[in-house]
Amino acid sequence: MSTDTTALARELMAAYASCKTIAAPSTRTDDFDLTTAYAVEAELVRLRKESGHKPVGLKVGFANKAVWRALKLDTLVWAHMYDDTVHYAEKSGAALSIAHMCSPKIEPEIVFRLKRPLESDERDAATVLGAVEWIALGFEIIDCVFADWKFQPTDFVASFGLHAALVVGQPVNVASDNIPALVEQLAQFKLRLSKDGALIEEGSGRNSLRSPALCVAELASAITRRPKIQRLAAGDLISTGTLTESKRIAPGEAWSASVDGIDLPALTLRIE
């Protein structure tokens, strides 16, 4: 049974708007593959544009090769972020309302902003950083309308990549003279994720394909395997995958992320 991608996109949008739990697309038919999932994702982009909101970049999922074989993936997956879902923190941090979300979780990530297009053959970290304007700590807020957060990579792609919001911390510019240091630091830095001042989990840059810069390179390569997808361009934001396990959030909490081994300002987010 072929999937009506327009109908499914509208169903997913309605489910998120009403916080209605629905069956994951992968459970409805045996032929719901990544090609179909990206067609649904493209339809979501079209519908969001129709409503007046433009895509501003991409978020990645499954940036961990250890899970690819089990999930029958040969690369990471991605979905778009939008001008009304990306927020920029002040030096003191940021606040975000989750009142309209269904079952939100938080993920600390590294965010890149490109200053020029990135090609699929630019695979090493130094070359990637040569295309980057700045990097920052970020909090990706994800949300899910599938029961018990159970989904396949195809469901992830078709449901906005679970993207609900991205909060971007204070950026650090990338210049030719700091690229060699950043190459090493992005692969080795340690991250601390805390809630209300208490340490919740520690992570590392290696958790995003051995380095968030290499994750960006993998994304550029993966996109070229799908000819209808627009290539990475100047001004694009890229959120490179969580550095810890995702954590449930609730109003009244204060979450913070800080790093050792790389000069990135800490980020604090108050949940409202």
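Let me begin with Phe 160, which in this predicted model has a relative accessibility of 12% and therefore counts as buried, the cut-off being under 20%. Its partner is Tyr 16, and that residue, at 13% relative accessibility, counts as buried by the same cut-off. A search of the whole structure for aromatic pairs returns three. In the pair formed by Tyr 16 and Phe 160, the ring centres are 5.7 Å apart and the planes stand at 85°, so we call the arrangement edge-to-face, for which the angle has to be over 60 degrees. What I would like you to look at on the screen is where the two rings come from, since the pair links distant parts of the chain: Tyr 16 belongs to helix α1, residues 5–18, while Phe 160 lies in the loop between α5 (153–158) and β7 (163–168), and 144 residues separate them.

Staying with aromatic rings, there are also charged side chains to consider. Which ring does the charged end of Arg 48 sit over? It is the ring of Tyr 82, with the charged end placed 5.0 Å from the ring centre. A further case is Lys 105, which lies over the face of Trp 149 at a distance of 4.2 Å from the ring centre.

Turning now to the chain as a whole, the secondary structure comprises seven helices and 14 strands. The C-alpha trace spans about 55 × 45 × 40 Å along its principal axes. For 272 residues, a compact globule would be expected to have a radius of gyration near 19 Å, and the 18 Å found for this chain agrees with that expectation. Of those 272 residues, 52% are buried, and the accessible surface comes to about 12100 Å², with carbon and sulfur atoms contributing 49% of it. If we take the contacts with a separation of 6 or more, 77% of them are between residues 24 or more positions apart, and the link between helix α1 and the loop after α5 joins residues 144 positions apart.

Finally, the cysteines. How many disulfides does the chain have? The count comes to zero, where a pair of cysteine sulfur atoms would have to lie within 2.5 Å to qualify. Two cysteines are worth pointing out for their surroundings: Cys 215 has a relative accessible area of 1% and is therefore buried, whereas Cys 19, at 35% relative accessibility, counts as partly exposed, because that value falls between the 20% and 50% cut-offs.

Notes
Residues are numbered from 1 along each chain as its sequence is written. This is a predicted model: local features need pLDDT of at least 70, side-chain atom pairs count only at pLDDT 80 or more; totals for chains, interfaces and linings use all residues. Side-chain values use heavy atoms; hydrogens and water are left out. Rings of Phe, Tyr and Trp (its six-membered ring) pair if their centres lie within 6.5 Å; planes under 30 degrees apart count as stacked, over 60 as edge-to-face and the rest as tilted. Helices (H or I, at least four residues) and strands (E, at least two) are DSSP runs, numbered from the N terminus. Buried means under 20% relative accessible area, exposed over 50%, partly exposed in between (1.4 Å probe, protein chains only). A charge sits over a ring if NZ of Lys or CZ of Arg is within 6 Å of the ring centre and within 35 degrees of the ring normal. The radius of gyration is taken over C-alpha atoms; the globule rule is 2.2 Å times the number of residues to the power 0.38. Contact means heavy atoms within 4.5 Å. Accessible areas come from the Shrake-Rupley method with a 1.4 Å probe; for residues, only the protein chains shown count as cover.
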